[in-house]
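Ready for a few exercises at the bench-side screen? Have the viewer open, try each task yourself, and then compare your route with the worked solution.

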Amino acid sequence: MTANLARNASLLGLSVAIVAGLGLAGGGVAPASAAGLDWGVCDPAVKPLPGQQCAKLSVPLDYADPDGEQVQLAVSRIASTHPDVRRGTLMVIPGGPGSSGVQRLAQKGAALAREMGGAYDLVAFDPRGVGGSDKARCGLAEADRWMVTLRSWPGADGTIDDNVARSKRTAEACARNGGAMLRGLTTANQVRDLDRLRQALGERKLSAWAVSYGTYVAASYAEKFPGRTDRWVLDSSNDPDPKRVARGWLEGMSRGVEDRFPDFAAWASHPDRGEGRLAQRPQEVRPLVLDLAARLDREPRPTSTSGVALTGTMLLQALQQALYSDAAFPGFARLVTSALDPEGEPVLPPELAGAMPDDAAAITVGVICNDVDWPRQSVRTFERAVDADRALHPLTGGMPVNVTPCAYWKGGAVEKPVRITDRGPSNFLMIQNLRDPSTPYSKGMGMRRALGERARLVSVDRGGHGVYLGNGNACGDLAVTRFLVDGVRPDEDVLCR
């Protein structure tokens with residue numbers, strides 16, 4: 001891998017490095033209309049694009065009883081208007097767990113349609129528990145549904161007593177109120193639901209663009225149904241280690257934030273920032289943010305949201321969210337500036353300004369706790385892990401290794417996690433930022449190793465979460481577009497600067 005990156009350094013930014021590859025067989029053309037779905041107008045709340053259609057798909061609540069109770073899934077498409085070039089359906093698979101595919105299609109559909117040039121119908125669905133699909137609920141108290149409580153941030157001094165109590169309380173509430181719907185929130189069921197959608201669309205094979213957690217869904221689908229995959233793009237992958245799954249993903253955030261923070265520090269100290277400049281030099285930004293967080297934990301600041309105070313924990317959570325995209329840097333810098341100003345009134349990001357709806361909280365914990373057995377560790381073991389991680393990675397404060405409701409989850413894993421292997425069609429293209437705060441590059445290499453010769457990797461020398469049509473890297477975007485439209489992959493792994 002390293003040798004390949006070095007060998008391709010002279011080709012960085014050149015499209016020839018991407019397109020001098022191998023063509024892959026097409027998936028066959030299916031009719032543009034799908035008899036299995038009744039397409040109509042979308043809910044205005046989705047903010048659909050012109051021409052975007054929506055439908056409902058029935059799938060079994062429990063696939064062991066396929067004729068039993070059914071779950072309704074929200075489905076959406078932007079149909080190709082070029083039958084002469086249409087080659088099939090491209091699934092847009094969102095991240096999360098808990099993100100809406102229908103909304104992602106509304107957000108990315110116009111740009112994606114331009115790139116595809118009519119080659120595909122663009123289709124997405126809301127996984128069970130999400131958006132317009134049937135929901136699960138845990139009946140959690142409002143205080144347990146804030147992002148900074150669901151994420152198990154330790155106390156300002158590193159104590160985790162409140163996290164332990166909340167984790168037990170959450171696990172008990174979900175077991176008491178969630179029922180079969182909550183236990184059905186699994187990656188395995190999302191894979192089965194995706195294949196039911198394939199059948200309803202009348203497609204022999206699907207192509208896919210999957211992002212973040214969606215890459216695990218897509219890789220799991222390809223492992224279970226290898227003959228039903230055409231061109232498969234994994235954007236911002238994590239390590240699919242079946243012994244750890246989401247536990248490993250959560251722990252990786254410590255490394256991801258450390259990888260990414262220098263990008264923000266360089267931006268925030270640049271002379272072009274003017275009055276919004278936080279420091280004169282990049283190395284001054286980190287202590288400024290950490291010192292402010294410590295001060296806010298001692299003395300929280302009132303905010304523009306009535307009754308909500310800005311704490312150090314909330315500041316660090318806001319930082320983590322801001323690192324996802326350069327476009328979020330100015331907002332976080334304004335939050336820091338206003339918190340430093342004795343007369344300032346900080347404005348919280350919307351995600352931190354209130355509690356999540358109960359159904360959103362249920363999907364957030366449900367999938368990760370249902371997918372794999374989490375270790376039943378002693379409280380002292382968690383305390384030691386938090387202490388060590390706080391020392392190494394103070395920007396995440398020990399949160400990624402802290403106790404979660406999964407440590408007390410009733411019933412454990414619903415099914416045995418899938419193992420991603422190098423057996424199957426060689427039809428994957430991976431793309432990964434070098435400095436990703438959520439799915440760090442080092443973790444993404446776990447997926448790369450698992451797929452072996454089934455995949456090629458395009459590494460992009462940028463920061464942020466999500467690469468294709470998101471970070472402005474023409475080299476990376478071209479690689480994905482050429483693969484999906486023309487079936488051309490690099491002959492070996494490449495690096496885009």
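**Exercise 1: Residues with unusual backbone geometry**

Ser152 sits in the loop that runs between α4 (147–150) and α5 (161–177). Keep in mind that you are looking at a predicted model.

Task: Find what is notable about the phi of Ser152, and decide whether Ser152 is buried or exposed.

Solution.
- Step 1. Start with the backbone: Ser152 is not a glycine, yet its phi is positive, at about 55°.
- Step 2. Recall the background: most residues other than glycine have a negative phi.
- Step 3. Now turn to the surface. Buried means under 20% relative accessible area, and Ser152 has 3% relative accessibility, so Ser152 counts as buried.

Task: Repeat the analysis for Ser212, asking where Ser212 lies and what its phi is.

Solution.
- Step 1. Ser212 belongs to the loop between β6 (206–211) and α8 (213–224).
- Step 2. The phi of Ser212 is near 60°, again a positive value in a residue other than glycine.
- Step 3. With a relative accessible area of 13%, Ser212 is buried.

Task: Inspect the peptide bond from Gly96 to Pro97 and state what omega is near.

Solution.
- Step 1. Locate Pro97 in the loop between β4 (88–93) and α3 (101–116).
- Step 2. Read the bond that leads into Pro97 from Gly96: omega is near 0°, and the bond is cis.
- Step 3. For context, most peptide bonds are trans.

**Exercise 2: The surroundings of Ser236**

Task: Work out what the side chain of Ser236 reaches, and which residues Ser236 touches.

Solution.
- Step 1. Place the residue: Ser236 is in the loop between β7 (229–235) and α9.
- Step 2. Check exposure. The relative accessible area of Ser236 is 0%, so Ser236 is buried.
- Step 3. Follow the side chain. One polar contact goes to the side chain of Asp235 at 2.9 Å, and the side chain of Ser236 also reaches the backbone nitrogen of Gly466 at 3.1 Å.
- Step 4. Leaving aside residues up to four places away in sequence, the residues touched by Ser236 include Ser212, Thr215, Asp436, His465 and Gly466. You have met Ser212 already, as a buried residue.

**Exercise 3: Met253 and its distant partners**

Task: Determine how far apart Met253 and His393 are in space, and which residues Met253 touches.

Solution.
- Step 1. Find Met253 in helix α9, which covers residues 246–268.
- Step 2. Met253 has 11% relative accessibility and therefore counts as buried.
- Step 3. Compare sequence with space: Met253 and His393 are 140 residues apart in sequence, while their C-alpha atoms are 9.8 Å apart.
- Step 4. List the contacts, not counting residues up to four places away in sequence: Met253 touches Arg151, Gln320, Thr396, Met399, Pro400, Pro437 and Ser438.

**Exercise 4: The whole chain**

Task: Decide what the radius of gyration of the chain agrees with.

Solution.
- Step 1. Take stock of the secondary structure, which comes to 16 helices and 13 strands.
- Step 2. The chain has a radius of gyration of 23 Å, and a compact globule with 497 residues would have one near 23 Å, so the two agree.
- Step 3. Look inside: buried residues make up 57% of the 497 residues.
- Step 4. Finish with the contacts. Among those between residues at least 6 apart in sequence, 78% join residues at least 24 apart.

Note on methods. Residues are numbered from 1 along each chain as its sequence is written. This is a predicted model: local features need pLDDT of at least 70, side-chain atom pairs count only at pLDDT 80 or more; totals for chains, interfaces and linings use all residues. Side-chain values use heavy atoms; hydrogens and water are left out. Helices (H or I, at least four residues) and strands (E, at least two) are DSSP runs, numbered from the N terminus. Buried means under 20% relative accessible area, exposed over 50%, partly exposed in between (1.4 Å probe, protein chains only). Contact means heavy atoms within 4.5 Å. A polar contact is a pair of N or O atoms within 3.5 Å; within protein, one must be able to donate a hydrogen and the other to accept it, and residues adjacent in sequence count only if both atoms are side-chain atoms. The radius of gyration is taken over C-alpha atoms; the globule rule is 2.2 Å times the number of residues to the power 0.38.
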